[in-house]
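Here is a short briefing on one protein model. Please keep the sequence and the structure open while you read.

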Amino acid sequence: MKKISILGAGLVGGPMAMDLHNDKQFEVAVYDLNRESLKGLKAKGVSCYEADLADTATLLKCIQGADIVLSAVPGFMGFSTLRQVIEAKKDVIDIAFFPENLFDLDELAKKHGVTAISDIGVAPGMSNILSAHADSMLDKTDNIRIYVGGLPKTRSWPWEYKAVFSPIDVIEEYTRPARFVENGKLITKPALTDPELLDFEKVGTLEAFNSDGLRSLIHTIDCPNMIEKTLRYPGHIEKIRVLKDSGFFGEDEVMINGHKIRPIDFTTRILFPKWKLQEGEQDITIMKVIVEGSKDGKKAGFEYELYDEYEPVSQVHSMARTTGYTATMAVRMLAEGLYQRKGISAPEFVGKDRKCVDFILQGLKERGIKYREKILS
């Protein structure tokens, strides 16, 4: 029986813990500082422990007996946590969306003989896997376009949005410069730029904007045109740009009534309660990955589309399902020895292996998450 240490019991960490706990081949232990996050899991029989994962000594104790570590800490903790897990010589699946370059840890992971797969959620994650899978089936890839978003199923004023993962990481999507590739050159633009409208079955019209979601794909896929855009209900971009351009996301302290405060701290205190998904509130995840190029001298390509909803029986939100179950299938992939590359792996490395892709897609399908493939010509 493989021992799994799960770091973080939040919106995604909790469902991942239950998915692995219900699999009799694993012994699962979950660690989080938030007692409330652990409470529900403990009631369902999961071994849970209150722990400050930002403390190195505590973290090392949490992973000491693990065969595989599954990291679901917030993005600002992600890189340092991953480094410490690697230094402890533990294989690791990581879904923390951190701003640092994950390949900076590649040599360390190889030195310690560690298999570490980072960014393996829905996007980044499945978006990378499917992009690389399609790229491997083409002789030449000319364009990769990724559109993805997590949204409340019911639109409600004023934001028509709920944070389906860590809210502070949502703010990062709006403030982190977006990188994409155009005519073979790396382009950087502010997030929220180049809006476009797209129609999706079951949802209708959504707006897309530049975001920094390509991440490792920029360096690992030979394609002259690649872009990732985030999806929201129409009108959301303008609302966020008002906040951003007015300084509400600023990190420099301002003086208010004799007290110093960072605008971002005020903004998050006001916004996060309004963005919180309530118990039973339904969300949806939409993704489209379009890969175009040529095969045997003819135009060819693939399109992958996902529409997923909140699951009322398990009461697991769609973003937690599509993100978390990708990661738990990656845990199973390591446990069964299907993927053994040492060092840091981006999800697209997994996408180059047909057996691994089929394994993950089948596992997701068994959990009700279905990616539709369309062959383009």
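E303 stands opposite K374 in β18. That pair belongs to the contact between β16 and strand β18 (residues 371–376), which run antiparallel and are joined by six bridges. The model is a predicted one. The points below start from this pairing and then move through the other sheets, the loops and the surface.

**Around β15, β16 and β18**

- E303 also has a partner on another strand: I290 stands opposite E303 in β16.
- β15 and β16 run antiparallel, with 12 bridges joining them.
- The two strands form a hairpin, with two residues between them.
- D296 sits in that turn and has a positive phi of about 55°.
- The loop that holds D296 runs between β15 (283–295) and β16 (298–309).
- D296 is not a glycine, yet its phi is positive.
- Is D296 buried or exposed? D296 counts as exposed, because its relative accessibility is 63% and the cut-off for exposed is over 50%.

**The seven-stranded open sheet**

- Seven strands make up an open sheet with parallel pairing. Their order is β3-β2-β1-β4-β5-β6-β17.
- Which strands stand at the edges? They are β3 (47–50) and β17 (343–345). Each has a single partner strand, so one side of each lacks a neighbour in the sheet.
- On average, neighbouring strands of this sheet are turned by 20° against each other, direction ignored.
- Edge strand β3 runs parallel to strand β2 (residues 26–32), and four bridges join the two.
- One position in this pairing is A29, whose bridge partner in β3 is S47.

**Helices across the open sheet**

- Helix α2 (residues 35–43) lies across β2 and β3. Its direction is at about 165° to β3.
- Helix α4 (residues 75–87) lies across five strands of the sheet: β1 (2–7), β4 (68–71), β5 (91–94), β6 (115–118) and β17.
- Helix α4 runs at about 165° to β5.

**The loop after β6**

- D119 is placed in the loop between β6 and α6.
- The phi of D119 is near 60°, a positive value in a residue other than glycine.
- Is D119 buried or exposed? D119 is buried, because its relative accessible area is 3% and buried means under 20%.
- P124 is found in the loop between β6 and α6 (126–137) as well.
- A123 and P124 are joined by a cis peptide bond, with omega about 0°.

**A cis peptide bond after β7**

- W157 and P158 are joined by a cis peptide bond, with omega about 5°.
- P158 lies in the loop between β7 (140–152) and α7 (167–175).

**Strands β10, β11 and β12**

- β10 and β11 run antiparallel, with five bridges between them.
- E196 has A208 as its bridge partner in β11.
- The hairpin of β10 and β11 has three residues between the strands. K202 in this hairpin takes a positive phi near 75°.
- On strand β12 (residues 225–232), β11 has an antiparallel partner, and the pairing spans four bridges.
- E207 stands opposite R232 in β12.
- How much of strand β11 (residues 204–210) is covered? Five of its seven residues are buried, and the strand is mostly covered.

**T193 and its contacts**

- T193 is placed in the loop between β9 (185–189) and β10 (196–200).
- T193 counts as buried, because its relative accessibility is 18% and the cut-off is under 20%.
- Which residues does T193 touch, not counting those up to four places away in sequence? T193 touches F209 and N210.
- T193 and Y174 are 19 residues apart in sequence. Their C-alpha atoms are 9.9 Å apart in space.

**A nonpolar patch on the surface**

- F248, F266 and I270 form a nonpolar patch on the surface.
- Together these three residues have about 270 Å² of accessible area.
- F248 belongs to the loop between α9 (236–245) and β13 (254–256).
- F248 counts as partly exposed, because its relative accessibility is 33%.

Notes:
Residues are numbered from 1 along each chain as its sequence is written. This is a predicted model: local features need pLDDT of at least 70, side-chain atom pairs count only at pLDDT 80 or more; totals for chains, interfaces and linings use all residues. Side-chain values use heavy atoms; hydrogens and water are left out. Patches are made of residues with over 30% relative accessible area and no salt bridge: like charges are joined within 9 Å, nonpolar side chains (Val, Leu, Ile, Met, Phe, Trp, Tyr) within 5 Å. Accessible areas come from the Shrake-Rupley method with a 1.4 Å probe; for residues, only the protein chains shown count as cover. A salt bridge is a side-chain nitrogen of Lys or Arg within 4 Å of a carboxyl oxygen of Asp or Glu. Buried means under 20% relative accessible area, exposed over 50%, partly exposed in between (1.4 Å probe, protein chains only). Two strands pair if DSSP finds at least two bridges between them. Axes are lines fitted to C-alpha atoms, for helices over the stretch in contact, and angles run from 0 to 180 degrees between N-to-C directions. Contact means heavy atoms within 4.5 Å.
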